[in-house]
Amino acid sequence: MKNLITFCSLLIGLSSCNAQFDKLLKKVAGLELSTEDVASGLKEALTKGAVNGATVLSQQDGYFKSIYKIALPEDARAVCNKLRAVPGFSSVEDDVVEKINRAAELAASKAQPIFVDAIKQMSIADAWNILKGSDNAATLYLDKTTHQPLYTAFHPVIQEAMEEVGALQVWSTAVNQYNQIPFVKKANPDMSDYVTQKALDGLFKKIEEEEKNIRHNLSARTSDLLKKVFAKQDK
């Protein structure tokens, strides 16, 4: 009887140890990470990326003297080339390029809360897939689900910014002059759509950089939630 009691006590003890050991393994493996944790962590990471990206790009020369510099589209360059021989328009391309980049820089600072609000609306349905996905999985998901709403909100900000720095006026004057040249294909004096798309592309690329940094750089995880969620990337 005594041996039986001892044996039962041993089983209970082993069971308790196994339960604690299993719990420890789950913590180490990150299996206790909830969907809510993942969604919150991803939103925090994307918000951090958006804020950092918008801040960098909104600074002086954030677009103009960076890899995100917005160049004129091919048809616009053709307009500028034709105008080089026209008095007063020899440097029109340089003037327009600088002004549209200044507009993008100005818009980046104004559009930051719009971008952050869009991130907050991200669904948690694909949170685990994003966490387990590629280095830019969250950015791609965000681009796919919010690009059009962001464009709708971003475009008037860009247009206002272009008006504020004089980009629309310079380009409109140049195109109107160009359209007076005989036998040329008439050009569109409105460039706000093109600049809006390029400015958004720059923001998404900056967010992608931030996402990769958070996934692989421990020092970039500036909160306990980010450390908890993205610890799985280190395994």
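**Notebook: Tyr151, the nonpolar core and Asp61**

I began with tyrosine 151, which lies in helix α6; I keep in mind throughout that this is a predicted model.

Is tyrosine 151 buried or exposed? I find a relative accessible area of 14% for this residue, and tyrosine 151 therefore counts as buried, since the cut-off for that word is under 20%.

I then looked up which residues tyrosine 151 meets once its neighbours within four places in sequence are left aside, and I noted contacts with Asp193, Thr196, Gln197 and Leu200. For one of these, glutamine 197, I also took the C-alpha separation from tyrosine 151, which comes to 7.5 Å although the two residues are 46 residues apart along the chain.

Next I turned to the largest nonpolar core, which has 65 residues, and I listed those with the most contacts inside it as Tyr63, Ile100, Phe115, Met162, Trp171 and Met191. The elements giving two or more residues to this core are α2 (35-58), α3 (74-83), α4 (92-120), α5 (127-132), α6 (137-165), α7 (167-178), α8 (192-216) and α9 (224-230). Which element gives the largest share? I find that it is α4, with 12 residues.

From that core I picked isoleucine 100 and, not counting residues up to four places away in sequence, I recorded that isoleucine 100 touches Ile70, Leu72, Met162, Ala167, Met191 and Val195.

Last, I checked the backbone at aspartate 61, which is placed in the loop between α2 and α3; I noted that its phi is positive, at about 70°, although aspartate 61 is not a glycine.

Note on methods. Residues are numbered from 1 along each chain as its sequence is written. This is a predicted model: local features need pLDDT of at least 70, side-chain atom pairs count only at pLDDT 80 or more; totals for chains, interfaces and linings use all residues. Side-chain values use heavy atoms; hydrogens and water are left out. A nonpolar core is a set of buried Ala, Val, Leu, Ile, Met, Phe, Trp, Tyr and Cys residues joined through side-chain atoms within 4.5 Å. Buried means under 20% relative accessible area, exposed over 50%, partly exposed in between (1.4 Å probe, protein chains only). Helices (H or I, at least four residues) and strands (E, at least two) are DSSP runs, numbered from the N terminus. Contact means heavy atoms within 4.5 Å.
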